[in-house]
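Work through the exercises below with the sequence and the structure open. Each task is followed by a solution in steps.

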Amino acid sequence: MTALVPLTGLLAAVAASVAGLAPAPTAAVPGAVPLSAEYTLPFVGPGTYLIFGIVLAPVYAMVAAWFIGDPSDRFAGLLGVGYLAGLTTVLWGSLFVATIIIGTVFF
Amino acid sequence: MSVDVTGVDRDTLVRPIKTFSNRYVAALAVALGLIGVWLFFYSQQLRNGLIVTNLADWGSGGGVPWGLYIGAFIWWVGIAHGGIILSAAVRLLGMDTYQPVARLAELLTIAALTCAGIFILIHVGRPDRLVTSVLPAWPTRVQWSPLMWDVTVITAYFVLTATYLALTIRYDVNRLRDRLPNRLEPLYAALTVGYTETEDEVVERMVWWIAFAIIIMAPLLLHGGVIPWLFSLLPSMAGWHGGVQGPSFLSIALTSAVSGIIIIAAAFRHAYGWEELIPRAVFQGLAKWLGFFSLIFLWLQLQQVITGIFAAPTTLQHATEVKISTPLYWVAIGLVVLAMLYAFATALRPDLFDIRALVGISVGVLIGTLTEKVLFVVEGLQHAHFALYDGVPGQYVPSPVEISAVLGTVGIVVLFFLVVSKVIPVVELHAIEEHEEVDA
């Protein structure tokens, strides 16, 4: 029976907090197991790790391979990087220009 | 294994650039007509706001602010995926059978991604909001918002695909320059800037690495990642939530993408007499892939239906019951089942195979996948965990404005291919070079 005390305390605390009756489970129920702390990542939000750490990782490997390994060529590598940077700029730059035009013509 | 292209020469390759027919003008007129219809309706949306679409707010369509626009966005991104994945597979896995359609597939990716972007652009209401709202918020919100992840990765994907095309086209333009129109010389000069034949080996290795990046990023992290995360990370929508959405979205994307490639390749084959350049074997191979992806699509639908109705949480059970009692859902599933059965039947009995029938089946698959995606978006919103919008009047039905946008984007893709095929070779020179070398 003693072994069940933490469990019943936890259940009671969760039920009470769901009902909005108890703000702090550990304080409300003596002997309750504290809920684990919310999982957080250091410095920045999860999206930064997810997008720039995982999703774009193949792109980093690709750009590195353009300059490292054989055969590679500095001009061709820079041309590739130029395309990546240039196309990104053209894509969002043209939207920016369109925004300026919309602002000038309509507002 | 590669297909037999004996008898195909370089003049055949540039035939779309050299010829101009009444059929071309008719296709151009149809494409411009579709775009014109959409622009007419879109001007109404710009004048009056999103209220003309029933997507303006929670109150105008039974609590559904996302509908056909977002369904079509997912659909176009899905079509975009298969294109470049097929091309990357040719390079990485040596699937030379599909080399004659590899560039058509790359071009389809660029056109389809553009259409996906258009749906986001028109769905934010004022088009300048992408710059005035999204860009300033990006540095902080990319940490938390799946919408910002989506914008980031779609941009990266578009840029990677365009870079892939820009690098591979240098080889072809240089060697086919004497067969290309002189009036476009400034463009060709820009495309081949700094080109020397010694770069071929280096560039081939660079595009191998782009293919490597794409074949990991696009299926696993974009259409099996960031796009489904727009929905599956929201626990408040029972029909959207859950990890199965990643593989499910990917299966739908690959099914629609193969269908898109079949239609485009068949159109070029028919229009330019390319029976030798894009042989029947290419379509038979694509049909098998269509059958396989359809099977995976159906298997993942089965997974969702079974887990949704057998002892599921109440709201998920309700959402699933609504889904399987919607006749349109079964129409969508039926169209994909038909494709699967046709693909497997023709694999067993090749004499049943017919390219026109395959094109018809592919059109059906595209209608089916668009329907499934729109239902997914709309029903997911209608049957949320909360009952806040239960009293909202009305029921979402796609408006003429939204339907015209789907037609308009189809017109844009057709126009894109009509224009690009007059400027660059839409089949890689590599597709016939092996044969040329043997002859020499």
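The exercises concern a predicted model, and they go from the fold of one chain to its contact with another and then to backbone details.

**Exercise 1. Fold of chain A**

Task: State how many helices and strands chain A has, and what share of its residues is buried.

Solution:
- Step 1. Count the elements: chain A contains 5 helices and 0 strands.
- Step 2. Write them in sequence order, which gives α-α-α-α-α for chain A.
- Step 3. Take the burial: of the 107 residues in chain A, 13% are buried. The cut-off for a buried residue is 20 or more other C-beta atoms within 10 Å of its own.
- Step 4. Look at contacts in chain A with a separation of 6 or more: 16% of them join residues 24 or more positions apart.

**Exercise 2. Confidence in chain A**

Task: Find which helix of chain A has the lowest confidence and which has the highest.

Solution:
- Step 1. Start with the whole chain: the average pLDDT of chain A is 78, and 71% of the residues reach at least 70.
- Step 2. Go through the helices. Confidence is lowest in α1 (residues 5-18) of chain A, with a mean of 46, and highest in α4 (residues 57-67) of chain A, at 96.
- Step 3. Check the start of the chain: over residues 1-27 of chain A, pLDDT stays under 50, and the model has 27 contacts beyond four places in sequence for this stretch.
- Step 4. Apply the general caution: where pLDDT is low, predicted coordinates should not be read in detail.

**Exercise 3. The contact between chains A and B**

Task: Work out which helix of chain B gives the largest share of the side that touches chain A.

Solution:
- Step 1. Count both sides: 32 residues of chain A and 37 residues of chain B take part in the contact.
- Step 2. List the helices of chain B that each supply at least two residues to its side: α6 (129-141), α7 (146-176) and α9 (199-232).
- Step 3. Pick out the largest share, which is the 15 residues from α9(B).
- Step 4. Sort the side of chain B that touches chain A by character: 25 residues are nonpolar, 8 polar and 4 charged.

**Exercise 4. One helix pair across the contact**

Task: Describe how α5(A) packs on α7(B) by angle and distance.

Solution:
- Step 1. Read the geometry: the axes of α5 (residues 74-106) of chain A and α7(B) are 9 Å apart, at an angle of about 130°.
- Step 2. Classify the angle: α5(A) is therefore oblique to α7(B). The crossing of the two helices, α5(A) and α7(B), is right-handed.
- Step 3. Name the residues that meet: those of α5(A) include A:Tyr83, A:Leu84 and A:Leu87, and those of α7(B) include B:Phe158, B:Val159 and B:Ala162.
- Step 4. Sort the residues of the contact of α5(A) with α7(B): 9 are nonpolar, 4 polar and no charged ones occur.

**Exercise 5. Backbone exceptions**

Task: Locate the cis peptide bond at A:Pro71, and decide whether A:Phe43 is buried or exposed.

Solution:
- Step 1. Recall the background: most residues other than glycine have a negative phi, and most peptide bonds are trans.
- Step 2. A:Asp70 and A:Pro71 are joined by a cis bond with omega of about 0°. A:Pro71 lies in the loop between α4 and α5 of chain A.
- Step 3. A:Phe43 has a positive phi, near 75°, and sits in the loop between α2 (25-28) and α3 (46-55) of chain A. A:Phe43 counts as exposed because it has 7 C-beta neighbours inside 10 Å.
- Step 4. In chain B, phi of B:Ala311 is likewise positive, near 55°. B:Ala311 belongs to the loop between α11 (280-309) and α12 (314-324) of chain B, and it is exposed, with 6 other C-beta atoms within 10 Å.

Key: Residues numbered from 1 in each chain as written. Chains lettered and ligands numbered in written order. Predicted model: local features only at pLDDT ≥ 70, side-chain atom pairs only at ≥ 80, totals over all residues. Helix = DSSP H or I, 4+ residues; strand = E, 2+ residues; numbered from the N terminus. Buried ≥ 20, exposed ≤ 12 C-beta atoms within 10 Å, placed from the backbone. Contact = placed C-beta atoms within 7 Å. Nonpolar A, V, L, I, M, F, W, Y, C, P; charged D, E, K, R; others polar. pLDDT = per-residue confidence, 0-100. Axes fitted to C-alpha atoms, helices over the stretch in contact; angles between N-to-C directions. Parallel < 35°, antiparallel > 145°, perpendicular 65-115°, else oblique. Left-handed = near helix turned anticlockwise from the far one by under 90°.
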